[in-house]
Amino acid sequence: ILQEVMLKKHETVLEIGAGSGYMAALLAHKGRQVTTVEILPELKAMAEANLARAGVTNATVELGNGAGGWSKGAPFDVIVISGALEVLPEAFLKQVNVGGRIAAIIGVAPVMSVNIITRVSETAYDTVKVFETNVKPLSGAAELSKFTF
């Protein structure tokens, strides 16, 4: 995913789902500034500690539910969503700069794919499915309504 977003040194990044802080550290090494959002306080603390221990100074960890987007600091050049979504919330499309990229794992187990969505104009986006995967859903994400008999 890091390779596919083609992050440049001058770009700002939003990561949804900080986890241990590992991806945030990688993104911070390649980009200018990273904001990573974590819904669980204990994971936020772990990510902050790991980033500090690694000497990462250009990444901040925010506590909150970013599964529907994160307007603080928007727009971003790159958005990485580190967990599966059943559908990509429209807020993310509006929170990325023209020319920016969103890396999102979209689908329902066992059929999910990593998508790179590039904003090509104020109203147009190009989507490339990079590979298929099956990962844990993002905490706090909206689910599609299910049909039942």
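**Salt bridges and a pocket: a friendly tour**

Me: Glu122 forms a salt bridge in this predicted model; which residue is the partner, and how far apart are the closest N and O atoms?
Reply: Glu122 itself is exposed, at 58% relative accessible area. Its partner is buried, at 9%. That partner is Arg119, and the closest N and O atoms are 3.4 Å apart.

Me: Which residue meets Arg101 in a salt bridge?
Reply: Arg101 lies in strand S5, and the other residue lies in the segment before strand S1, so the pair ties together parts that are 90 residues apart in sequence. Arg101 is buried, at 6% relative accessible area, and the partner counts as buried too, at 5%. The N to O distance is 2.8 Å, and the partner is Glu11.

Me: What separates Lys44 and Glu48 along helix H2?
Reply: Their side chains meet in a salt bridge of 2.7 Å, N to O. Lys44 counts as buried at 18%, while Glu48 is partly exposed at 33%. The two are four residues apart in the helix, which means a separation of about one helical turn.

Me: Why does Asp77 have no salt bridge with Arg32?
Reply: Asp77 is buried in this model and lies in strand S4. A salt bridge needs the nitrogen and oxygen within 4 Å. Arg32 is the nearest side chain of opposite charge, yet its distance from Asp77 is 5.2 Å.

Me: Which strand gives the most residues to the lining of the largest pocket?
Reply: This pocket has a volume of about 340 Å³. The elements giving two or more residues to its lining are strands S2 and S4. With three residues, the one that gives the most is S4.

Notes: Residues numbered from 1 in each chain as written. Predicted model: local features only at pLDDT ≥ 70, side-chain atom pairs only at ≥ 80, totals over all residues. Heavy atoms only, no water. 1 Å grid on protein atoms, 1.4 Å probe; cavity = no way out; pocket = protein on both sides within 12 Å on 5 of 7 lines; lining within 4 Å. Points joined across faces, edges and corners; volume = space filled by probe spheres on them. Buried < 20%, exposed > 50% of the residue type's maximum accessible area, 1.4 Å probe, protein only. Lys, Arg positive; Asp, Glu negative; His and termini not counted.
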